[in-house]
Amino acid sequence: PYVCPLWGADLAPLVQQANVALGQGLYKMAAYAESAEHFTRAIQHGAPSLPVLRGLGLALARLGRYDDAFKHLRMAHEMEVSKDRLTAGYLALC
């Protein structure tokens with residue numbers, strides 16, 4: 001087996017980054033359902049980070065799933081050092 005000198009033998013971090021990047025790109029293209037799927041995969045396969053929680057919460061809020069979006073946006077808002085007004089606004093909407 002070949003072990004990459006940069007990424008090692010584990011591709012899980014690359015898959016995690018790919019899911020986050022796809023989720024962010026699909027959100028910008030207004031494909032909110034697909035975006036939420038990629039952010040959900042990112043949460044299932046790794047620790048929930050601020051970009052993942054925020055992205056999933058925003059995508060779910062855009063889909064009208066406010067109850068599901070609230071918990072993710074709440075955690076993202078608590079993790080933010082300087083509070084983002086977009087996160088706070090969608091949190092208030094939920």
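**Exercise 1. Place Glu80 in the predicted model and list what its side chain meets.**

Step 1. Glu80 sits in the loop between α4 and α5. Helices here are DSSP runs (H or I, at least four residues), and strands are E runs of at least two, numbered from the N terminus.

Step 2. This is a predicted model: local features need pLDDT of at least 70, side-chain atom pairs count only at pLDDT 80 or more, and totals for chains, interfaces and linings use all residues. Residues are numbered from 1 along each chain as its sequence is written, and side-chain values use heavy atoms, with hydrogens and water left out.

Step 3. Glu80 has a relative accessible area of 6%, so it is buried. Buried means under 20% relative accessible area, exposed over 50%, and partly exposed in between (1.4 Å probe, protein chains only).

Step 4. Set aside neighbours within four places in sequence: Glu80 then contacts Leu50, Arg54 and Thr87. A contact means heavy atoms within 4.5 Å.

Step 5. The side chains of Glu80 and Thr87 form a polar contact at 2.9 Å. Such a contact is a pair of N or O atoms within 3.5 Å; within protein, one must be able to donate a hydrogen and the other to accept it, and residues adjacent in sequence count only if both atoms are side-chain atoms.

**Exercise 2. Find the buried face of α5 and what covers it.**

Step 1. Thr87, Tyr90 and Leu91 are buried in α5.

Step 2. Down the axis of α5, the buried residues fall within an arc of 105°, so they line one face of the helix. The arc is that of the directions from the helix axis to the C-beta atoms.

Step 3. On the face turned away from the buried side, α5 carries the exposed residues Arg85 and Ala92.

Step 4. The cover over the buried residues includes α3 and α4.

Step 5. Check the N-terminal end of α5: Asp84 caps it, with a side-chain oxygen 2.7 Å from the backbone nitrogen of Leu86.

**Exercise 3. Describe how α4 packs against α5.**

Step 1. Two packed helices are described by the angle between their axes and the distance between the axes.

Step 2. The axes of α4 (residues 66-79) and α5 (residues 85-93) come within 9 Å and cross at roughly 145°. Axes are lines fitted to C-alpha atoms, for helices over the stretch in contact, and angles run from 0 to 180 degrees between N-to-C directions.

Step 3. From α4, the contact draws on Tyr66, Phe70, Leu73, Arg74, Ala76 and His77. From α5 come Thr87, Ala88, Tyr90, Leu91 and Leu93.

**Exercise 4. Trace the surroundings of Leu53.**

Step 1. Leu53 belongs to helix α3 (residues 50-62).

Step 2. Its relative accessibility is 2%, so Leu53 counts as buried.

Step 3. Beyond neighbours within four places in sequence, Leu53 contacts Ile43, Pro48, His72, Met75, Ala76 and Met79.

**Exercise 5. Characterise Ala30.**

Step 1. Ala30 lies in the loop between α1 (12-28) and α2 (32-44).

Step 2. Its phi is positive, about 65°, although Ala30 is not a glycine.

Step 3. With a relative accessible area of 47%, Ala30 is partly exposed.

**Exercise 6. Summarise the chain.**

Step 1. Count the elements: 5 helices and 0 strands.

Step 2. The C-alpha atoms fill a box of roughly 50 × 30 × 20 Å along the principal axes.

Step 3. Of the 94 residues, 33% are buried.
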